[in-house]
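Here is a short report for a reader new to this structure. Look over the sequence and the model, then read on.

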Amino acid sequence: MQMYAAIRVFNPSYAASVQLTGAHVDALAVVTPIARLCSLPALKAELPAYVAAVAGVVIPSAPDIAAFTEQVLTWWRVNASRFPAWACAARIVFALSPNSASCERVFSLLESMFGDAQTSALADYLQASLMLAYNGRRM
């Protein structure tokens, strides 16, 4: 939940409605790819310009979520060159999948590979078997 609360700052409407501070940027550290691939100090340095650019931006999220999504992505397409650090982080955020489908696939694979009789199998054995099955036995 911390991650989803932190990434709201990439919605220009939300960013315009709150007073963004360095604490909002610090909160982005919970998103591992942002912490590793983007510079949080660079995000903080561009923060005043980002705040000025989103001032007055209103993108209604209801009733059409597809139109909302397109408007947010268009805003970032138009403004990405003005905020390179924010654009880097936004690309990461917009690539995140907000569902658990990948986790469900792994649990389904585990269930099909191991029955109730094997619930006490060693974790290393389970992990190695799962990785081999998931990756198609490619090393």
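## The aromatic cluster

Which residues do ring pairs link into a cluster? They are Phe-10, Tyr-50, Trp-75, Trp-76, Phe-83 and Trp-86. The model is a predicted one.

The count of aromatic pairs comes to eight. One of them joins Tyr-50 and Trp-75 in an edge-to-face arrangement. Their ring centres are 6.0 Å apart, and the planes meet at 70°. Tyr-50 sits in helix H5 and Trp-75 in helix H6, so this pair ties together parts that are 25 residues apart in sequence. Both Tyr-50 and Trp-75 are buried.

## Helix H5

Helix H5 covers residues 40-54. The helix has a kink of about 50° at Leu-47. The proline Pro-48 follows shortly after that kink.

Both ends have a feature of their own. At the start of H5, a side-chain oxygen of Ser-39 comes to within 3.1 Å of the backbone nitrogen of Ala-42. Just after H5, Gly-56 adopts a positive phi of about 85°.

## What H5 packs against

Which residues of H5 are buried? The set is Leu-40, Leu-43, Glu-46, Leu-47, Tyr-50, Ala-53 and Val-54. Leu-47, the site of the kink, is thus named among the buried residues.

The buried residues of H5 pack against five helices named here: H2 (12-17), H3 (22-27), H4 (32-37), H6 (65-79) and H7 (84-95). Leu-43 gives a close-up. Leaving aside residues up to four places away in sequence, Leu-43 touches Val-25, Leu-28, Ile-34, Ala-85, Trp-86 and Ala-89.

## The nonpolar core

How many residues does the largest nonpolar core have? The number is 31. Those with the most contacts inside this core are Phe-10, Leu-28, Ile-34, Leu-43, Tyr-50 and Trp-86. H2, H5, H6 and H7 are the elements that give two or more residues to the core.

Some names recur. Phe-10, Tyr-50 and Trp-86 belong to the aromatic cluster, and they also appear in the list of core residues with the most contacts. Leu-28, Ile-34 and Trp-86 are on that list too, and Leu-43 touches each of these three.

## Asn-79 in H6

Asn-79 belongs to helix H6. Is this residue buried or exposed? Asn-79 counts as buried because its relative accessibility is 7%, and the cut-off for buried is under 20%.

Its side chain has a polar partner. A polar atom of the Asn-79 side chain lies 2.8 Å from the backbone oxygen of Trp-75. Trp-75 is also the ring partner of Tyr-50.

Terms used: Residues are numbered from 1 along each chain as its sequence is written. This is a predicted model: local features need pLDDT of at least 70, side-chain atom pairs count only at pLDDT 80 or more; totals for chains, interfaces and linings use all residues. Side-chain values use heavy atoms; hydrogens and water are left out. The bend at a residue is the angle between axes fitted to the seven residues ending there and the seven starting there. Helices (H or I, at least four residues) and strands (E, at least two) are DSSP runs, numbered from the N terminus. Buried means under 20% relative accessible area, exposed over 50%, partly exposed in between (1.4 Å probe, protein chains only). Contact means heavy atoms within 4.5 Å. A polar contact is a pair of N or O atoms within 3.5 Å; within protein, one must be able to donate a hydrogen and the other to accept it, and residues adjacent in sequence count only if both atoms are side-chain atoms. Rings of Phe, Tyr and Trp (its six-membered ring) pair if their centres lie within 6.5 Å; planes under 30 degrees apart count as stacked, over 60 as edge-to-face and the rest as tilted. A nonpolar core is a set of buried Ala, Val, Leu, Ile, Met, Phe, Trp, Tyr and Cys residues joined through side-chain atoms within 4.5 Å.
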